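Work through the exercises below with the model open beside you. Try each task before reading its solution.

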Amino acid sequence: MYSLMLYHHPLSVCSMKVRLALEEKGIAWSGRVIDIIQEQEQLDPWYVKLNPKGVIPTLEFSNGSTKVVTDSARIIRFIASIPEGNSLLPASEEELQSMEHLIDLADDIDLQILSYARHPSMEKSEKILDARINKSLFLAEQHPDLKHSYIASAERSEKSKTFRVDATHIKEVEQQAFESLSFAEKQLSSHTFLLGEMYSLSDVIWTVVLSRLDLLGYTDWIHGNEFPQLKSYYQRAKGRRSFSLAQIQNEWWDK
Ligand SMILES: N[C@@H](CCC(=O)N[C@@H](CS)C(=O)NCC(=O)O)C(=O)O
């Protein structure tokens, strides 16, 4: 027997990828919400010891001993490797390779920076980044053993503050997203889902990516004529029970 504990937040896009993988896999899991909006709990020392980057999600897999898995793309691959539950992996080696490529393409879209750039209130999202920087710098002094993690966290939020208002950078991120969407569009031309008739791990991550791009207002891409296959694919994915079970919420964080 094993147990799974996910540290996550309802509105975090990286957490959604993992929740959707768990619901599609159909295995039991427990969750603990880490408040990355008000309290910045991802920076609390006990959590940074678990996840040295001080970010969510983190998965703990216990079966006598405990394995800690970080980074949503690694976590969903780990979930797919669990023998119990539904299979999220295609049968052939060739399809497995396509799956890996599709996961990498989705994972490489920097949804975080697009989210900071397009938040309806620049002031509110700036407040969150400033709270992270201040808490990181404060805790770096209190916890010399974790200083490296805290300094890296402060630098990450500083970078987000700069890049989200850097029009050239945002254009580059959007161009990369457009190219990845174009690849997925082609992939769907002869299939119901990305790898065929089965909803696989690549569909898990792409469903969440499309949902976040929808929230971010990339209407032409998600609801327009730019990507007709992706448009109907997204509706199919949204109609799955897992979509609501995993709380793929199209909501902005508010503070
Ligand atoms: N590549 C990582 C990114 C993790 C990440 O940046 N998580 C965000 C939420 S989606 C977070 O914890 N932000 C809080 C912070 O940066 O302090 C993943 O996919 O898990």
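Four exercises follow, on a predicted model.

**Exercise 1. Overall form**

Task: Compare the radius of gyration of the protein with that of a compact globule.

Solution:
- Step 1. Take the chain length, 255 residues; the globule rule then gives a radius near 18 Å.
- Step 2. Take the value for the protein, 18 Å; the two agree.
- Step 3. Add the extents: the C-alpha trace spans about 55 × 50 × 30 Å along its principal axes.
- Step 4. Add the burial: 37% of the 255 residues count as buried.
- Step 5. Add the secondary structure, which comes to 12 helices and 4 strands.

**Exercise 2. Two domains and their contact**

Task: Find the domains, then describe the side of domain 1 that touches domain 2.

Solution:
- Step 1. The domain assignment gives domain 1 (3–81) and domain 2 (93–241).
- Step 2. Their C-alpha centres lie 17 Å apart.
- Step 3. Count the contacting residues: 17 from domain 1 meet 20 from domain 2.
- Step 4. On the domain 1 side, H1, helix H2 (45–50) and H3 each give two or more residues.
- Step 5. H1 gives the most, with 6 residues.
- Step 6. Sort that side by type: 12 residues are nonpolar, 2 polar and 3 charged.

**Exercise 3. The nonpolar cores**

Task: Locate the largest nonpolar core relative to the two domains.

Solution:
- Step 1. This core has 55 residues, and Ala21, Ile76 and Val209 have the most contacts inside it.
- Step 2. Helix H9 (residues 201–215) supplies the largest share, 9 residues.
- Step 3. Domain 1 (3–81) and domain 2 (93–241) both contribute residues, so the core lies between them.
- Step 4. Check one member. Leaving out residues up to four places away in sequence, Ile76 touches Lys17, Val18, Ala21, Leu201, Val204 and Ile205.
- Step 5. Do not merge in the second core. This separate set has 5 residues, including Leu43, Leu139, Tyr150 and Ala154.

**Exercise 4. The ligand shell**

Task: Which residues come nearest to the ligand, and which elements give two or more residues to the shell?

Solution:
- Step 1. The shell holds 16 residues; Ser12, Cys14, Val55, Ile56 and Ser72 come nearest.
- Step 2. Helix H1 (13–25), helix H3 (72–81) and helix H7 (147–163) each give two or more residues.
- Step 3. Sort by type: 7 are nonpolar, 6 polar and 3 charged.
- Step 4. Assign to domains: domain 1 (3–81) and domain 2 (93–241) each supply at least three shell residues.

Terms used:
Residues are numbered from 1 along each chain as its sequence is written. This is a predicted model: local features need pLDDT of at least 70, side-chain atom pairs count only at pLDDT 80 or more; totals for chains, interfaces and linings use all residues. A nonpolar core is a set of buried Ala, Val, Leu, Ile, Met, Phe, Trp, Tyr and Cys residues joined through C-beta atoms within 7 Å. A residue is buried if 20 or more other C-beta atoms lie within 10 Å of its own, exposed if 12 or fewer, and partly exposed in between; C-beta atoms are placed from the backbone. Domain bounds come from an automatic or database domain assignment. Two residues are in contact if their C-beta atoms, placed from the backbone, lie within 7 Å. A residue is near a molecule or strand if its C-beta atom, placed from the backbone, lies within 6 Å of it. Ala, Val, Leu, Ile, Met, Phe, Trp, Tyr, Cys and Pro count as nonpolar, Asp, Glu, Lys and Arg as charged, and the others, Gly among them, as polar. The radius of gyration is taken over C-alpha atoms; the globule rule is 2.2 Å times the number of residues to the power 0.38.
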